[in-house]
Amino acid sequence: LLFAGYSYAHCSQRWLRRRWQAIVHLALLFAAVSLLHVLPDASWEPPGGGSPVWQILLILAVSVGLPFFVLSTTAPMLQGWFAATRHASAADPYFLYVASNIGSLTGLLAYPVLIEPTLSLQRQTGLWAATYVVGATLVAICAAIAFRHHAATVDAAPTSSERVSGLRRLRWTALSFMPASLMMAVTSYLSTDVAAVPLLWIVPMALYLVTFVVAFSHRGDRVSAAVAQGLPIVLLPLVLLIATRGGVPLWF
């Protein structure tokens, strides 16, 4: 659904005029409101002895599928709208990924620590619905502001002095697999070989989100240079520990 949301944002900005982008996107946003109060009950339970996988997927698809799909489009869609304005930073709107990933990190840490232990499922659903409506309203305001102050060439096809080759696209795609694969590998190792504690997977996920915050910030280049210099110092002891199967405390 995340991939589908990004694809939808890309295609709508490429093929639709700005006004139709806003109409279609806001229609999807508020159509998803009708699904915000869907809660599973006993009728959703799988038959006795059967696999619950498809039942769980059905519950997720019905209850949060469309809202999640629409929310996943927010960052690329708003960046596209922002880039079409006359704002001083419109030429490089990717710093907005800092805000979106800080939001993801906040939600990742807040749910197991604050929300899940203190609120019932019913209250969580109400909070989710209320904040979703607020978010949809803010997106509508952003659309109105963006299209009121959009550049005169907003609907013109973007031009570029450099043509991106297919080989470079393949290289970007291959490189994008590396951090995601590393995060999955570390998460699987922690969950299976260290301790079967669900909260352990928050650590690699939080680090993954922090890297996005740093990479898209205005100081990303400086931090990347410092990390590149310090990486061998961290990597060599780690390789030795793995090669010798040495044990270290969990905090390390």
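## Helix α9

The bend at a residue is the angle between axes fitted to the seven residues ending there and the seven starting there. In this predicted model, helix α9 bends by about 40° at G230. A proline, P232, follows G230 within four residues.

Helix α9 covers residues 220–244, which is 25 residues. From its first C-alpha to its last, α9 reaches 35 Å, close to the 36 Å expected at 1.5 Å a residue. After α9 comes R245, with a positive phi near 55°.

## Overall composition

The protein chain has nine helices and zero strands. Along the sequence the pattern reads α-α-α-α-α-α-α-α-α. The chain holds 252 residues, and buried residues make up 22% of them.

## The largest nonpolar core

There are 16 residues in the largest nonpolar core. Those that touch the most other members are L29, V70, M77, W81 and Y132. At least two residues of this core come from each of the helices α1 (2–15), α2, α3 (53–72), α4 (74–83) and α6 (121–148). The helix that gives the most is α6, with six residues.

## F69 and its contact in sequence space

Helix α3 also contains F69. Is F69 buried or exposed? Its relative accessible area is 17%; buried means under 20%, so F69 counts as buried.

F69 and G5 are 64 residues apart along the chain. The C-alpha atoms of F69 and G5 are separated by 5.4 Å.

## The nonpolar surface patch

On the surface, W15, L16, W20, I23 and V24 make a nonpolar patch of about 540 Å². Which helix gives the most to the nonpolar patch? Helix α2, residues 18–31, does so with three residues. Helix α2 is also among the helices that each supply at least two residues of the largest nonpolar core.

I23 is one of the patch residues, and its place is in helix α2. With a relative accessible area of 43%, I23 is partly exposed. Patch residues need over 30% relative accessible area, so I23 at 43% passes that cut-off. The value does not reach the exposed class, because exposed means over 50%.

An α-helix has 3.6 residues a turn, so residues three or four places apart point the same way. In the patch, W20, I23 and V24 appear together with W15 and L16.

Notes: Residues are numbered from 1 along each chain as its sequence is written. This is a predicted model: local features need pLDDT of at least 70, side-chain atom pairs count only at pLDDT 80 or more; totals for chains, interfaces and linings use all residues. Side-chain values use heavy atoms; hydrogens and water are left out. Patches are made of residues with over 30% relative accessible area and no salt bridge: like charges are joined within 9 Å, nonpolar side chains (Val, Leu, Ile, Met, Phe, Trp, Tyr) within 5 Å. Accessible areas come from the Shrake-Rupley method with a 1.4 Å probe; for residues, only the protein chains shown count as cover. A salt bridge is a side-chain nitrogen of Lys or Arg within 4 Å of a carboxyl oxygen of Asp or Glu. Buried means under 20% relative accessible area, exposed over 50%, partly exposed in between (1.4 Å probe, protein chains only). The expected span of a helix is 1.5 Å times one less than its number of residues. A nonpolar core is a set of buried Ala, Val, Leu, Ile, Met, Phe, Trp, Tyr and Cys residues joined through side-chain atoms within 4.5 Å.
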